Amino acid sequence: MQTTTAADVALESGGSAIIASRAVPVKSAQGMPSGFLWGGAVAANQVEGAYLEDGKGVSIADVQTAGAHGVPREIHEAVREGVYYPNHQGIDAYHRYREDIALFAEMGFTCLRTSISWARVYPNGDDPEPNEAGLAFYDRVFDDMVAHGIEPVVTISHYEMPLRLVSEYGSWRNPALIDFYLRFCETIFTRYREKVRIWMTFNEINETMNKRTPFNQAGLVFSEGEDVNEVKVRASHHMFLAAARAVALGHKINPAFRIGCMVQYPTTYAKTCRPEDVLARRLNMLPNYYYTDVMVRGHYTNLCRAQLRRLGVELEVSEEDAAILAAGTSDFIAFSYYFSSVASSETGDDLLVERGNPYLDRTDWGWPIDEIGLRVALNELYDRYQVPLFVVENGLGALDEPDESGFVADDYRIDFLRRHIIQMERAVNEDYIDLMGYTTWGPIDLVSVGTGEMRKRYGFIYVDRDDAGNGTLARSKKKSFDWYRRVIASNGREL
Ligand code: BG6
């Protein structure tokens, strides 16, 4: 049972003040079904570093500068002399992965979500042959995970395609990318056939439509005068075809493969019960269900058509393409969940989306903390699609201050995760959601995608590195390390 929240009190007294702190949830729960996957999630480009080692090519992650909270990262056309690019070194996991995997194993991880750097395997993207040294690296990584009883969960493309596919081909706006992607898939599906069972095609594919510049998601930069919406729709269509063909190909290579799509789930509330605001909430979900509808249902639904109409874009889907989409639907939906938003509208057709919600606290980076939004997300996705779900990212990016001995007492992180796990357990045990697993984002501190910072830390493991790239890169356990170990050991009962 949860105690009465400060928000309840504020509501009962008619208040709407910013809530400083919400109820502390219970510390034990019913736990998860057996076989539930517990672990963490990272992406190759945010941890590996070694950006040109052993034949790796330059990726889109390698040309992004360090930003800061409120200061966007710059995107360069090529690596420039004398500029600091945080992903070039990451947290040096390329050389330290054994130590990191041993620490994850100590926490009891039963799975680890990571990605394969496309540019490590196909340095330019269009190479006729793969780079053997890159493939051998992931052999070592997966072997080490398996030796520790950790199941690899692999994102095929997590924000780091080879840069040449952008500069020479215009990225996913060009259908040529489909074959390059499939060549990459065939290589890794075949090579790791016996080592990896669970795959995801594209990280947060729906951000292609949501972001102003979907460079990480789809390698897109727009030239002046270009019809941005049309390009996003066309690029998404090519990515849908690539993903569907990858699913079909993967199942052929190993029928035991489970290949999912992956989206960022933006739980959205209507700002008020004004019907216009309720409709605005629905409108904010259109560009997101657009992706899950095509990838899970295998065709452009009425909702997709409504979204296309809102964008003012027409899309012709040939019979051949329709058959590909129908034949390669995702086996499960993986999603990231960090916070919820609030939607409102003046006319019922316009849309204002904001993060401000007077009932919620915010993180150091201004992200609302809303654990119930995770339960809402699980229910909405499962109601709509009835396929297994996988929470593959959830976590708290915070400013961690080590004490004199270097120890980080991150009770705020424990509190954040505990609240979310409780809601996730309720979704499973009370709402009967079919959930495969839970991987916290950034079990070890890593380079932030949004800002390129190191000080936005998510980890159970502290990494001695700062925003300018200084530090020993030494790893040390935070307080949350032992807490998460107990959560996993008790299969989610001891929180
Ligand atoms: C997700 C990405 O969007 O959010 C991760 O899949 C990313 O790669 C994570 O790191 C957190 O965002 P940020 O900006 O705090 O790194």
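Biologist: Let's start with Thr187: in which helix does Thr187 lie?

Modeller: Helices are DSSP runs of H or I with at least four residues, strands are runs of E with at least two, and both are numbered from the N terminus. Thr187 lies in helix H7, which covers residues 176-191. Some housekeeping before we go on: residues are numbered from 1 along each chain as its sequence is written, and side-chain values use heavy atoms, with hydrogens and water left out. Also, this is a predicted model, where local features need pLDDT of at least 70, side-chain atom pairs count only at pLDDT 80 or more, and totals for chains, interfaces and linings use all residues.

Biologist: Is Thr187 buried or exposed?

Modeller: You read that from relative accessible area: under 20% is buried, over 50% is exposed, and in between is partly exposed (1.4 Å probe, protein chains only). Thr187 counts as buried because its relative accessible area is 16%.

Biologist: And what does the side chain of Thr187 make a polar contact with?

Modeller: A polar contact is a pair of N or O atoms within 3.5 Å; within protein, one must be able to donate a hydrogen and the other to accept it, and residues adjacent in sequence count only if both atoms are side-chain atoms. Here the partner of Thr187 is the side chain of Tyr122, at 2.7 Å. Plain contact just asks for heavy atoms within 4.5 Å. Leaving aside neighbours within four places in sequence, Thr187 is in contact with Val121, Tyr122, Pro130 and Leu135.

Biologist: Now a helix further along. Which residues is Gln307 in contact with, leaving aside its neighbours within four places in sequence?

Modeller: Those are Met209, Leu286, Pro287 and Tyr290. Gln307 sits in helix H12, residues 302-311, and is buried because its relative accessibility is 5%. Ala306 has its place in H12 too, but Ala306 is partly exposed, since its relative accessible area is 29%. The C-alpha atoms of Ala306 and Leu286 are 7.9 Å apart, with these positions 20 residues apart along the chain.

Biologist: On to the backbone. What is phi of Ala50 near?

Modeller: The general idea is that most residues other than glycine have a negative phi. Ala50 has a positive one, near 45 degrees. Ala50 lies in the loop between helix H2 (44-47) and helix H3 (93-106), and it's buried because its relative accessible area is 10%. Gln386 also has a positive phi, near 55 degrees. Gln386 is in the loop between helix H14 (371-385) and strand S10 (389-393), and it's exposed because its relative accessible area is 51%.

Biologist: What about loop aspartates? Which backbone nitrogen lies 2.7 Å from a polar atom of the side chain of Asp467?

Modeller: That's the backbone nitrogen of Met454; the one of Arg455 lies 3.1 Å from a polar atom of the Asp467 side chain. Asp467 belongs to the loop between strand S12 (461-463) and strand S13 (475-477), and it's partly exposed because its relative accessibility is 27%. Asp467 and Pro86 are 381 residues apart along the chain, yet their C-alpha atoms are separated by 7.8 Å.

Biologist: How about Asp350: which side chain does it make a polar contact with?

Modeller: The Asp350 side chain pairs with the side chain of Thr347 at 2.9 Å, and it reaches the backbone nitrogen of Glu346 at 3.2 Å. Asp350 is found in the loop between strand S8 (341-344) and strand S9 (352-354).

Biologist: Last one, the ligand. How many residues surround the ligand?

Modeller: A residue is near a molecule if one of its heavy atoms lies within 4 Å of it. There are 14 around the ligand, and the closest are Glu204, Glu393, Val449, Lys456 and Tyr458. As for polar pairs, a ligand oxygen is 2.7 Å from a side-chain N or O atom of Glu393, and a ligand oxygen is 2.9 Å from a side-chain N or O atom of Asn203.
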